[in-house]
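I opened the model to look up its charged pairs and its sheet. My entries follow in the order I made them.

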Amino acid sequence: MSVIWIYHAVFLSRLSAFIAAPLDSHWKDKEMRKELTKKSQGHDPTSRGKNYITRSGLERLKDEHRFLLTRERPAVTEVVAWAAGNGDRSDNADYRYGKRRLRQIDSRIRFLTKRIEAAEVVDPEAPRTGQAATRAFFGATVRYANAAGAERVVSIVGTDEVDLNRNHISWMSPLGRALIKSAAGDSVVLQSPGGTENLTVLEVRYDPIAVEPFREPAGSETSAKGLPRRS
């Protein structure tokens, strides 16, 4: 089997995997995984207005933007150029998949650009006085209990930083909205698609919030090692 055909098979396999699933777990709509953290209907994260975010969350957006713009897009463009020289484009899977990949990358770059431009950095550890020090606002870590006495701790972050594995919820989610402005001892009502629930706020504090950094996705073109390249 020739080197070109080996490359062709690997390239198709990698692109098919990309199309079947997003490049990176951060690109998934994590707020749909649980009703407590679903975004409110009608909220468009790309709409005009400030994008409240932690500094580490903003750095992750910038790192992903830089990766797509300076590494991934040029690599896929090179593959598309190679595929374009392999005959009829209408029957050229490499070319068609590559072009589709470029459209997805460009769409993501536009999204990230808007989010970065609208970013308003909030430092959870910044000194706070008065109610701002005792009530839950953006960046707060809140411990609360439901009617059954089960406790949970969540941190209120931006819509681009949601991570249920770390108990990071969006300030725009039903739970985030319910907790905003609450203080220890308050009772709040959570209204979600799953129904109404009464919660008791036990503690509000402002701790460092560690956002998982951007990592080069395994399905990316630049992650391929040792594959032949067009000279």
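**Entry: D106 and R73.** I began with D106, which forms a salt bridge with R73. The closest N and O atoms of this pair are 2.6 Å apart. I then placed both residues. D106 lies in helix α3 (residues 93-117) and R73 in helix α2, so the bridge ties together parts that are 33 residues apart in sequence. This is a predicted model, and I read each distance with that in mind.

I looked up accessibility next. D106 has 22% relative accessibility and so counts as partly exposed. R73 is also partly exposed, at 27%. The cut-off matters for D106, because buried means under 20% relative accessible area.

**Entry: R71 and E216.** I stayed with helix α2 and turned to R71. R71 forms a salt bridge with E216, and the closest N and O atoms are 3.0 Å apart. Here the pair links distant parts of the chain. R71 sits in helix α2 (residues 55-84), and E216 in the segment after β7 (195-205). The two are 145 residues apart.

Are these two residues buried, partly exposed or exposed? R71 has a relative accessibility of 39%, so R71 counts as partly exposed. E216 has 31% and also counts as partly exposed.

**Entry: E203 and R143.** I moved on to a pair within strands. E203 forms a salt bridge with R143, with 3.2 Å between the closest N and O atoms. E203 is in strand β7 and R143 in strand β3 (residues 141-145). They are 60 residues apart, and the pair again links distant parts of the chain. E203 is partly exposed, with a relative accessible area of 28%. R143 is partly exposed as well, at 24% relative accessibility.

Which residues belong to the network around this pair? I found R143, E151, E203, R205 and D207 joined into one network by salt bridges that share partners. I also ran the search over the whole structure, and it finds 13 salt bridges.

**Entry: the sheet.** The strands of the last pair led me to the sheet. I counted 5 strands in an open sheet, and the pairing is mixed. The order is β5-β4-β3-β7-β6. Which strands stand at the edges? They are β5 (168-170) and β6 (187-192). Each has a single partner strand, so one side of each is left without a neighbour in the sheet. I noted the twist too: on average 45° from one strand to the next.

**Entry: strand pairs.** I went through the pairings one at a time. Strand β4 (residues 151-157) and β5 run parallel and are joined by 3 bridges. In this pair I marked S155, which stands opposite H168 in β5.

Strands β3 and β7 run antiparallel, with 5 bridges between them. A145 stands opposite T200 in β7. The salt bridge of E203 with R143 also spans β7 and β3.

How many bridges pair β6 with β7? There are 6, in the antiparallel sense. V188 stands opposite L199 in β7. I followed the chain from β6 to β7 and found a hairpin that joins them through 2 residues.

**Entry: summary.** I closed with two points. Salt bridges tie helix α3 to helix α2, and helix α2 to the segment after β7. In the sheet, β7 stands between β3 and β6, and β7 is antiparallel to β3 and to β6.

Definitions and conventions
Residues numbered from 1 in each chain as written. Predicted model: local features only at pLDDT ≥ 70, side-chain atom pairs only at ≥ 80, totals over all residues. Heavy atoms only, no water. Pairing = 2+ DSSP bridges. Helix = DSSP H or I, 4+ residues; strand = E, 2+ residues; numbered from the N terminus. Axes fitted to C-alpha atoms, helices over the stretch in contact; angles between N-to-C directions. Salt bridge = Lys/Arg side-chain N within 4 Å of Asp/Glu carboxyl O. Buried < 20%, exposed > 50% of the residue type's maximum accessible area, 1.4 Å probe, protein only.
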